[in-house]
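Please look over the sequence and the fold shown here before reading on. The report deals with backbone geometry and with cysteine pairing.

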Amino acid sequence: QVQLVESGGGSVQTGGSLRLSCALPRNIFKLNVMGWYRQAPGKSRELVATITSGGSTNYADSVKGRFTVSRDSARNTADLQMSSLKPEDTATYYCKADLIADKYSTLASYWGRGTLVTVSS
């Protein structure tokens, strides 16, 4: 079973910064895309940013210019640098990975348990 482990959530004031990290197991057969999603209380889960194995990135309009997604191959992580945070960024942030776990498996999506980000005004 593939487990994604998120870290880096917390509380910050408006305009502050946080960095989230999502760790993958090291023995993944093939990674396609990693992404960050968020879910605010009473709202649906929404895409924040994605990054492909080739390094192509995609961002929600609401975070463009403020958030940066990146991959660290040495640490086997996908990181989300969040700057100029706003109260509306308050949510639980989830890491997702689309990958093939081993040579006997097919492409599947895996989710982390989430990490809470709270931005106060």
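What follows describes a disulfide and then two residues picked out by their backbone angles.

The model is a predicted one, and the structure holds one disulfide. This disulfide joins Cys22 to Cys95, with an S to S distance of 2.0 Å, and the link is left-handed, with -80° about the S-S bond. The pair connects distant parts of the chain, since Cys22 lies in strand β3 (residues 18-23) and Cys95 in strand β9, 73 residues apart. Cys22 is buried, with a relative accessible area of 0%, and Cys95 likewise counts as buried at 0% relative accessibility.

Turning to the backbone, most residues other than glycine have a negative phi. Asn76, which is not a glycine, nevertheless has a positive phi near 60°, and Ser84, also a residue other than glycine, has a positive phi of about 50°. Asn76 is placed in the loop between β7 (67-72) and β8 (77-82), whereas the place of Ser84 is in the loop between β8 and β9 (91-100).

The table sets out these two residues.

| Residue | Phi | Loop | Relative accessible area |
|---|---|---|---|
| Asn76 | near 60° | between β7 and β8 | 12% |
| Ser84 | about 50° | between β8 and β9 | 40% |

Is Asn76 buried or exposed? Asn76 is buried, because its relative accessible area of 12% falls under the 20% cut-off. Ser84, at 40% relative accessibility, counts as partly exposed, because this value lies between the cut-offs of 20% and 50%.

Definitions and conventions. Residues numbered from 1 in each chain as written. Predicted model: local features only at pLDDT ≥ 70, side-chain atom pairs only at ≥ 80, totals over all residues. Heavy atoms only, no water. Helix = DSSP H or I, 4+ residues; strand = E, 2+ residues; numbered from the N terminus. Buried < 20%, exposed > 50% of the residue type's maximum accessible area, 1.4 Å probe, protein only. Disulfide = S-S within 2.5 Å.
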